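Biologist: I should be grateful for a close look at a single part of this protein. Please explain each term as it arises, for a first-year student.

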Amino acid sequence: ASPMLDAMDLELQSHLVQQGRLLQHVKLEHSSMQRLLDEDQARLHAEIASPPREGQEACAEEVAQQEEAAQQNDNVEAKAFEAERQRSQGLEKQLADAVAERDDARG
């Protein structure tokens with residue numbers, strides 16, 4: 001095997017490990033954000049069900065802001081993950097091209 005092919009294979013394996021870690025991190029972040037969102041929504045519903053009192057509007061506003069922040073965070077992470085996925089596909093194509101080129105050269 002050529003050194004270039006070995007290097008590309010190592011890079012691809014490393015990249016796949018990194019991508020797997022990124023995916024785990026994104027899933028963990030998403031589940032954490034979802035749990036916080038669920039807790040805030042439960043608190044908001046409890047506040048709404050209770051008799052009106054001061055701060056209820058502020059609480060609803062806070063939950064709305066947290067929901068928006070969570071959505072923005074999810075969007076940023078999704079974009080980063082998509083960029084990593086596209087980079088990985090590019091590396092996979094380079095590797096496939098290099099393997100095909102090597103196989104052609106071997107005849």
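The answer below begins with the whole chain and then turns to the surroundings of one residue, Ser88.

Modeller: This is a predicted model, in which local features need pLDDT of at least 70 and side-chain atom pairs count only at pLDDT 80 or more, while totals for chains, interfaces and linings use all residues. Residues are numbered from 1 along each chain as its sequence is written, and side-chain values use heavy atoms, with hydrogens and water left out.

The secondary structure consists of two helices and zero strands; helices (H or I, at least four residues) and strands (E, at least two) are DSSP runs, numbered from the N terminus. The protein is more spread out than a compact globule, because its radius of gyration is 24 Å, well over the 13 Å that the globule rule gives for 107 residues. That radius is taken over C-alpha atoms, and the rule is 2.2 Å times the number of residues to the power 0.38. Along the principal axes, the C-alpha atoms fill a box of roughly 80 × 15 × 15 Å.

Ser88 lies in helix H2. This serine is buried, with a relative accessible area of 3%, where buried means under 20%, exposed over 50%, and partly exposed in between (1.4 Å probe, protein chains only). Not counting residues up to four places away in sequence, Ser88 touches Leu12, His15, Leu16 and Gln19; a contact means heavy atoms within 4.5 Å. With Gln19, the side chain of Ser88 also forms a polar contact of 3.2 Å. Such a contact is a pair of N or O atoms within 3.5 Å; within protein, one must be able to donate a hydrogen and the other to accept it, and residues adjacent in sequence count only if both atoms are side-chain atoms.

Leu12, one of the residues that Ser88 touches, also belongs to the largest nonpolar core, together with Leu5, Met8, Leu91, Leu95 and Ala98. Helix H1 (3-49) and helix H2 (56-106) are the elements that give two or more residues to this core. A nonpolar core is a set of buried Ala, Val, Leu, Ile, Met, Phe, Trp, Tyr and Cys residues joined through side-chain atoms within 4.5 Å. Within the core, Leu5 touches Leu95 and Ala98, and its contacts also include Val99 and Arg102, again not counting residues up to four places away.

Gly90 is also in helix H2, but at 34% relative accessibility this glycine counts as partly exposed. Across the protein, buried residues make up 18% of the 107 residues.
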